[in-house]
There are 4 protein chains.
Amino acid sequence: MTYGKEPIMDIAQLAHVELFSPKPEKTVDFFKKFLGMTETARSGQSVYLRAYEEMYHNSLKITESKEAGLGHAGWRTTSPQALQRRVEEVKAAGLGKGWIDGDIGHGEAFQFTTPDGHNMELFFDVDYYKPQDHEKTKLLNRATKRPSQGVPVRRLDHLNLMSSNPGKDNQFMTDALGFRVREQIQDNGNVVASWISVSNLVHEVAFMQEPQQEKGKLHHLCYWYGIPQNLYELADLLKDHDHFIEVPPNKHGISQAFCMYVHEPGGNRIELFGDSGYLILDPTFEPVIWEMEDVPGNGDTWIGSEFPESWWTQGTPITSPKIVNR
Amino acid sequence: MTYGKEPIMDIAQLAHVELFSPKPEKTVDFFKKFLGMTETARSGQSVYLRAYEEMYHNSLKITESKEAGLGHAGWRTTSPQALQRRVEEVKAAGLGKGWIDGDIGHGEAFQFTTPDGHNMELFFDVDYYKPQDHEKTKLLNRATKRPSQGVPVRRLDHLNLMSSNPGKDNQFMTDALGFRVREQIQDNGNVVASWISVSNLVHEVAFMQEPQQEKGKLHHLCYWYGIPQNLYELADLLKDHDHFIEVPPNKHGISQAFCMYVHEPGGNRIELFGDSGYLILDPTFEPVIWEMEDVPGNGDTWIGSEFPESWWTQGTPITSPKIVNR
Amino acid sequence: MTYGKEPIMDIAQLAHVELFSPKPEKTVDFFKKFLGMTETARSGQSVYLRAYEEMYHNSLKITESKEAGLGHAGWRTTSPQALQRRVEEVKAAGLGKGWIDGDIGHGEAFQFTTPDGHNMELFFDVDYYKPQDHEKTKLLNRATKRPSQGVPVRRLDHLNLMSSNPGKDNQFMTDALGFRVREQIQDNGNVVASWISVSNLVHEVAFMQEPQQEKGKLHHLCYWYGIPQNLYELADLLKDHDHFIEVPPNKHGISQAFCMYVHEPGGNRIELFGDSGYLILDPTFEPVIWEMEDVPGNGDTWIGSEFPESWWTQGTPITSPKIVNR
Amino acid sequence: MTYGKEPIMDIAQLAHVELFSPKPEKTVDFFKKFLGMTETARSGQSVYLRAYEEMYHNSLKITESKEAGLGHAGWRTTSPQALQRRVEEVKAAGLGKGWIDGDIGHGEAFQFTTPDGHNMELFFDVDYYKPQDHEKTKLLNRATKRPSQGVPVRRLDHLNLMSSNPGKDNQFMTDALGFRVREQIQDNGNVVASWISVSNLVHEVAFMQEPQQEKGKLHHLCYWYGIPQNLYELADLLKDHDHFIEVPPNKHGISQAFCMYVHEPGGNRIELFGDSGYLILDPTFEPVIWEMEDVPGNGDTWIGSEFPESWWTQGTPITSPKIVNR
């Protein structure tokens with residue numbers, strides 16, 4: 001029996017994401033009308049939203065901005081001690097920005113960036129959502145009754161970030177925060193994309209190559225259903241209401257998740273997970289390495305059509321050359 | 001910020017289960033013909049099986065025995081150090097039986113029992129399955145090609161054990177092994193059933209009250225699909241081939257898993273998970289407590305018909321009064 | 001080659017149904033909020049509704065009444081000539097009531113009753129729904145855009161009527177209107193229930209024995225989805241909003257349809273079809289005869305739990321002994 | 001009320017199809033191993049197959065041939081009288097070839113061709129399949145038990161034929177045989193493709209433009225499931241066993257069917273229907289006319305990616321330029 005270094009288990013989950021939108025009301029309407037999310041607060045230029053099975057006060061903050069993109073990603077630690085340990089590591093990596101008192105929905109948080117400049121924060125204290133009487137359900141593990149609006153998502157799943165150097169971001173997240181590499185696309189030894197996680201999920205965050213070497217972009221944010229057929233219901237609804245479906249429902253090879261991609265009115269790409277694919281329970285799981293040439297038709301989509309060019313090249317903020325949506 | 005005790009994260013997963021069967025060939029045929037599992041070894045009175053997405057050599061050992069029931073459950077630790085720590089705690093609880101050299105598919109293991117007498121073992125070293133050439137797939141995170149036989153299950157999910165004292169077993173598993181209580185049925189303050197886990201799943205094991213206070217029984221073993229509709233395909237197939245479906249496909253309230261229960265020819269109850277319900281990513285998740293009176297029609301099945309009497313009373317080995325299968 | 005009598009093909013479809021409700025606003029809200037139907041007209045004590053893929057002006061008329069039950073069923077003929085031929089036969093059977101000028105959504109109609117007294121009408125001329133601009137869709141075979149409200153049904157499917165003498169009603173419908181018997185439950189040679197159709201569907205109407213020999217009752221009305229998983233979405237939604245699910249989603253043996261039964265607030269039983277089972281394309285299809293003793297667990301539900309007592313005994317109007325809903 | 005000409009209702013269904021295959025054993029294996037069909041007879045260079053819910057002796061005849069393509073299509077009439085009437089019309093159109101004594105599975109048949117040269121036959125007498133004891137099921141409307149092999153199809157659905165002049169074939173089928181036009185693609189008034197039916201289905205046969213004006217080609221043959229998710233199970237299985245999926249599961253705009261296209265080893269395109277879309281119950285249904293420019297992304301696939309070039313250009317026999325399969 002070999003006694004190596006034990007894994008770091010200090011980050012628990014992706015707890016919330018802030019999205020920038022140049023059309024905040026349309027963005028908020030999209031999440032409410034079609035994805036069945038509900039508004040829990042407004043403050044300044046921001047609106048806070050939650051999915052009906054989320055126990056916390058919010059998982060999504062929409063903030064008005066000139067351009068679409070990532071505001072920040074919020075990570076919850078497994079304990080207060082874990083928070084302290086990770087803050088020390090982030091500081092040591094020279095990427096710390098400092099503590100804030102918190103925000104609507106959580107307590108004090110330590111802000112930092114990835115090497116590529118994506119804004120993130122670490123925190124432990126959270127506020128749980130207090131359901132109103134008419135929202136209370138007999139299904140005791142469900143935070144609030146299922147809404148009758150849209151095809152309602154159940155919880156935040158993950159984030160995908162474009163990076164000028166995904167290998168470097170990947171290294172920071174694994175070294176400083178304890179993420180484990182689950183799947184990776186390589187091209188002649190270079191990291192093209194990397195899916196990493198702190199839980200049994202294949203990823204809470206992925207980093208992929210921004211082809212123009214631009215920094216700090218968002219590729220997409222993903223919410224989860226757990227039921228593959230729900231994607232077809234949502235796709236039918238969105239198509240009929242003239243929303244852009246960039247990738248129709250299909251099974252990813254990487255992660256085996258059943259997925260689809262749409263663009264919200266503010267311009268950000270939103271993924272929906274019909275099911276989250278396989279879970280990693282093996283504590284010595286070896287990263288799955290894909291060569292770039294094997295990805296189209298196998299790694300991107302196991303069953304569906306290959307991903308369109310736009311998926312590989314366009315993040316938010318959108319910079320030239322802009323891919324024109326239909 | 002409160003600095004409490006940090007959680008134990010030493011057990012990674014339920015890695016395999018041994019089932020006793022008085023009709024071992026029929027039991028093996030059932031798992032192969034209808035659930036699409038494949039045989040990886042035979043030794044003595046035992047046959048070893050695996051599901052097509054399992055990376056390990058086997059997850060199921062069928063052993064010939066006079067009566068149906070649990071042989072043992074095998075837990076894999078997160079590291080060799082974790083194994084040492086847990087063995088010390090089990091010894092301290094007075095439930096250790098000692099080390100064995102291993103079995104087909106894993107290395108040295110420490111055997112112990114629950115307070116109620118269910119046989120279990122802890123180990124770290126495992127053997128990965130080596131696919132033959134014709135089994136290799138382009139889906140690199142899948143261990144072997146999907147079989148064309150039956151409605152093939154993807155991986156072992158969990159175990160449910162009947163106990164003369166579920167509260168006591170629950171306490172041992174949480175104290176000595178670090179399991180966390182996720183959901184619980186209580187009746188006047190007594191633990192009727194408890195779902196506990198070491199991962200993001202709601203449970204890898206549950207303990208429920210054996211109504212005659214008999215000890216060491218198996219309630220059921222569960223394999224996972226990830227796709228709810230698969231349960232209907234399997235149910236149609238099993239019904240048409242005269243197998244007993246005790247509980248048809250429905251959504252559990254507890255865990256929100258989409259489930260069904262059948263009996264394999266040896267007499268053990270087998271559950272199938274269409275999807276595994278919600279995941280617990282919240283590190284301070286509070287156990288969901290159900291009062292027994294609120295369970296029928298809500299906690300057992302959220303949508304389906306209430307569970308039959310047999311589900312609440314009969315485990316294996318089957319003792320009087322025997323519930324007659326149709 | 002035998003030259004028998006050629007089949008009558010004069011009735012095309014069940015075009016609309018009128019339901020009586022003692023709580024008309026709650027009934028209308030139920031169909032709108034949860035089943036995604038839209039209101040197309042109001043007149044007197046009646047509200048007219050349609051599903052989003054229905055081309056006609058309406059398929060459901062809710063009329064205020066002291067008791068729940070069937071208002072009437074409207075059958076559209078294949079041609080004006082066919083209408084004349086069927087009217088003659090109904091008159092000859094002594095069950096005709098006479099012509100009316102029509103109603104909102106259709107032209108002149110000939111009213112009649114079944115031998116048991118259920119009100120029905122025959123007509124040919126219909127009004128097609130004229131979508132407003134914001135309702136128009138690029139899916140040219142869809143009447144109007146898919147609504148974002150509830151889990152929207154797609155079209156009216158069939159009707160099930162309780163009868164003091166189902167064999168007699170069955171005979172009238174086949175002789176006078178050309179219905180063909182598709183499946184039947186018999187008990188010692190007596191017709192317990194009969195599923196009959198004029199199209200490739202297994203039934204547009206069924207007649208089943210009212211156990212107290214009461215006359216003219218409605219058993220249920222059914223709307224169609226085409227997608228089995230939709231029933232789980234609807235069941236989850238209705239359960240969470242405290243509506244009564246009498247039979248959870250399951251596969252009928254008879255017809256093989258994937259079905260569920262709920263009660264609308266006015267008290268009428270509503271069935272939903274996830275898929276409509278097998279189609280009958282064989283022009284010499286022999287009726288499938290079930291002996292009553294083989295029905296529970298095979299004919300009622302092929303996979304699910306047997307139907308509850310209430311399903312076999314209670315129609316609307318509800319007369320004593322009333323089955324108490326949970 | 002207008003008294004127009006009454007519709008012809010003399011053809012009941014597409015009863016069987018003969019496929020030519022240059023690799024007959026591989027073709028037969030494909031239908032047996034993956035689509036769960038069973039062999040019911042062999043004779044000369046032909047193998048006869050049926051799906052488990054088909055009542056007739058066979059629905060598919062695989063005949064060895066130098067090139068893939070259509071052998072012939074067999075239509076069953078609604079009565080012997082209807083057969084006589086249609087034969088007269090076909091003769092009058094100058095396309096009759098004469099009577100044969102029948103084939104394994106049906107009695108005397110009248111052979112003819114479409115204007116483009118596709119071989120067809122009309123007949124009334126059929127042989128029903130006689131299940132062996134171990135094949136008999138308690139589900140009385142199912143011909144034989146569900147097989148445990150592959151993802152078993154339930155029945156033959158339709159045929160799509162390429163034509164040098166689809167408008168002309170369309171006219172013959174409607175005039176001589178009573179087919180009704182359901183949906184059509186037009187380009188500057190020319191018929192590019194036409195979906196026609198004699199039943200409530202949107203089509204039993206479609207004709208589409210062969211871009212090189214070649215005659216008599218097969219575009220595809222389709223079998224039906226009724227359950228959309230089944231397509232994903234089959235697609236996963238076929239992909240993993242290196243079969244070519246030309247169009248992944250998606251929702252057609254035209255017909256609204258949930259579909260996928262694969263190529264069998266002999267080279268013929270096979271479609272699978274997850275559900276058959278909407279049914280046409282309206283006796284005065286107006287054909288849905290699509291302009292060619294509106295088809296891509298709406299009419300071909302309502303949700304999925306646009307169809308590949310190969311779908312629009314390649315039929316069997318395959319002639320130059322051959323589209324290379326991956």
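Q: How many helices and strands are there in chain A?
A: This is a predicted model, in which local features need pLDDT of at least 70, side-chain atom pairs count only at pLDDT 80 or more, and totals for chains, interfaces and linings use all residues; side-chain values use heavy atoms, with hydrogens and water left out. Residues are numbered from 1 along each chain as its sequence is written, while chains are lettered from A and ligands numbered from 1 in the order in which they are written. Helices (H or I, at least four residues) and strands (E, at least two) are DSSP runs numbered from the N terminus. On that basis chain A has 6 helices and 17 strands.

Q: What radius of gyration does chain A have, and what would a compact globule of 326 residues have?
A: The radius is taken over C-alpha atoms, and the globule rule is 2.2 Å times the number of residues to the power 0.38. For 326 residues the rule gives a value near 20 Å, and chain A agrees with it at 19 Å.

Q: What share of the residues of chain A count as buried?
A: Buried means under 20% relative accessible area, exposed over 50%, and partly exposed in between (1.4 Å probe, protein chains only). Of the 326 residues of chain A, the buried share is 66%.

Q: Which residues of chain A does UniProt list for "domain: VOC", and how far apart are the end C-alpha atoms of each span?
A: The UniProt entry is unreviewed and lists residues 13–125 and 155–275 of chain A; such annotations may be inferred rather than shown by experiment, and positions follow the numbering used here, with feature names shortened. Residues 13–125 are 20% helix and 43% strand, and residues 155–275 are 20% helix and 48% strand. The end C-alpha atoms lie 13 Å apart in residues 13–125 and 12 Å apart in residues 155–275.

Q: Which strands stand at the edges of the open sheet in chain D?
A: Two strands pair if DSSP finds at least two bridges between them. The sheet has 9 strands in the order 14-15-16-13-9-12-11-10-17, with mixed pairing. Each edge strand has a single partner, so one side of it is left without a neighbour in the sheet; these are strand 14 (245–251) and strand 17 (288–291) of chain D.

Q: Which residue stands opposite Gln186(D) in strand 11?
A: Strand 10 (residues 180–187) and strand 11 (residues 190–197) of chain D run antiparallel and are joined by 7 bridges. Opposite Gln186(D), in strand 11 of chain D, stands Val191(D).

Q: At what angle to strand 15 of chain D does helix 4 run?
A: Helix 4 (residues 229–240) of chain D lies across strand 14, strand 15 (258–263) and strand 16 (269–275). Axes are lines fitted to C-alpha atoms, for helices over the stretch in contact (heavy atoms within 4.5 Å), and angles run from 0 to 180 degrees between N-to-C directions. The angle to strand 15 of chain D is about 20 degrees.

Q: Is Asp242(B), with its positive phi, buried or exposed?
A: Asp242(B) is found in the loop between helix 4 (229–240) and strand 14 (245–251) of chain B. Phi is near 65 degrees, a positive value in a residue other than glycine. With a relative accessible area of 52%, Asp242(B) is exposed.

Q: Which residue is joined to Thr316(D) by a cis peptide bond?
A: Omega of this bond is about 0 degrees. The partner is found in the segment after helix 6 (309–313) of chain D, and its name is Pro317(D).
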